[in-house]
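User: Could you take a close look at the largest pocket and its surroundings for me? Please start with how far the model can be trusted.

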Amino acid sequence: MADRRDIDWAKVPYRGLTDRSRPEPVELAAVVADLPAGLQNRLAERVDRLGYVNGFLAVGLHQPGAVLALLEMTEQLKAAIDPGHVLIVALATHHALGNEYELAQYLDVARNHGMSEAWIHAAQGRAVGGLNPTEEAVRRLTLTVVFASPPRPALTAAGAHLDDRALVAVVHLAARFVATSRISHALSLRPMTGHSPTFDDNAQKATDA
């Protein structure tokens with residue numbers, strides 16, 4: 001499929017960036033033009049769906065191939081397990097690690113999928129009960145990855161509910177969220193309320209100054 005050419009990348013806003021921090025966000029128009037074949041579409045899909053590029057991508061695209069490969073891996077892992085289990089892995093990981101940036105995003109996703117507040121609290125580990133036995137096994141396996149706990153008890157318990165394909169997907173997805181949680185912390189990303197200025201806005205401010 002040919003790359004998308006109908007987005008004015010200079011005007012796509014960023015969200016979730018801390019002001020005046022380094023590394024600076026990429027200039028999307030320049031980076032997108034140099035992406036390997038087909039990868040521009042992956043960003044275009046996100047812009048179509050969300051209307052913005054989040055801070056993780058805006059900064060991470062200093063290494064575009066690595067970040068876009070991470071997105072591809074994440075999509076494959078999410079496709080391998082139940083959508084509710086994906087949310088449990090995300091909520092449990094980001095709550096445990098205090099990653100407010102990504103936790104806020106997945107709280108929105110969970111609510112948009114109709115999950116109750118009781119379920120959301122339980123998935124984060126903030127309340128006892130609220131999850132069925134399979135969901136609780138997924139949560140405990142996730143925390144084994146997060147805290148590098150002895151794996152056998154949680155793996156055995158989850159194995160009573162999930163096949164090997166799903167087990168491996170949960171472990172890999174939890175490790176992926178641990179990695180992105182650490183990256184988000186290192187880059188001082190913030191929960192995405194409002195949006196950061198576009199490069200055009202910044203350029204105009206510099207001209208006005």
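Analyst: Residues 198–209 stay under 50 in pLDDT (the predictor's confidence in each residue, from 0 to 100), and the model gives this stretch 13 contacts beyond four places in sequence, a contact being heavy atoms within 4.5 Å. Helix 11 (residues 199–208) has the lowest confidence in the chain, a mean of 42, while helix 5 has the highest, at 98. Over the protein chain the mean pLDDT is 87, with 89% of residues at 70 or more. This is a predicted model, in which local features need pLDDT of at least 70 and side-chain atom pairs count only at pLDDT 80 or more, whereas totals for chains, interfaces and linings use all residues. Residues are numbered from 1 along each chain as its sequence is written, and side-chain values use heavy atoms, without hydrogens and water.

Here is the setting for the pocket. The chain comes to 11 helices and 2 strands (DSSP runs, H or I of at least four residues and E of at least two, numbered from the N terminus). In sequence order the pattern is β-α-α-β-α-α-α-α-α-α-α-α-α. Of the contacts with a separation of 6 or more, 74% join residues 24 or more positions apart. Among the 209 residues, 44% are buried, meaning under 20% relative accessible area, with exposed over 50% and partly exposed in between (1.4 Å probe, protein chains only).

Now to the pocket itself. Its volume is about 920 Å³, the space filled by probe spheres set on grid points joined across faces, edges and corners. A pocket here is an open set of points on a 1 Å grid over the protein atoms alone, where a 1.4 Å probe fits, with protein on both sides within 12 Å along at least five of seven lines; lining residues have an atom within 4 Å of a point. The largest pocket has 31 lining residues, and Arg 46, Arg 49, Lys 78, Tyr 106 and Val 109 lie nearest its centre. By type, the lining holds 15 nonpolar, 6 polar and 10 charged residues. Helix 6 (100–112) gives the largest share, 8 residues. At least two residues each come from helix 2 (39–50), helix 3 (55–60), helix 4 (64–79), helix 5 (83–96), helix 6 and helix 10 (164–186).

Helix 10 deserves a closer look among these contributors. Its 23 residues reach 33 Å from first C-alpha to last, close to the 33 Å expected at 1.5 Å a residue. Its buried residues include Leu 167, Val 170, Leu 173, Arg 176 and Phe 177. The cover over the buried residues of helix 10 includes helix 3, helix 4, helix 5 and helix 6, as well as helix 8 (133–147) and helix 9 (152–159).

Two loops next to these helices hold residues with an unusual backbone sign, since most residues other than glycine have a negative phi. Ser 188 sits in the loop between helix 10 and helix 11, and its phi is positive, near 55 degrees. This serine is partly exposed, at 40% relative accessible area. Ala 148 occupies the loop between helix 8 and helix 9; its phi is also positive, about 50 degrees, although it is not a glycine. At 66% relative accessibility, Ala 148 is exposed.

Methods. Nonpolar A, V, L, I, M, F, W, Y, C, P; charged D, E, K, R; others polar. Expected span 1.5 Å × (residues − 1).
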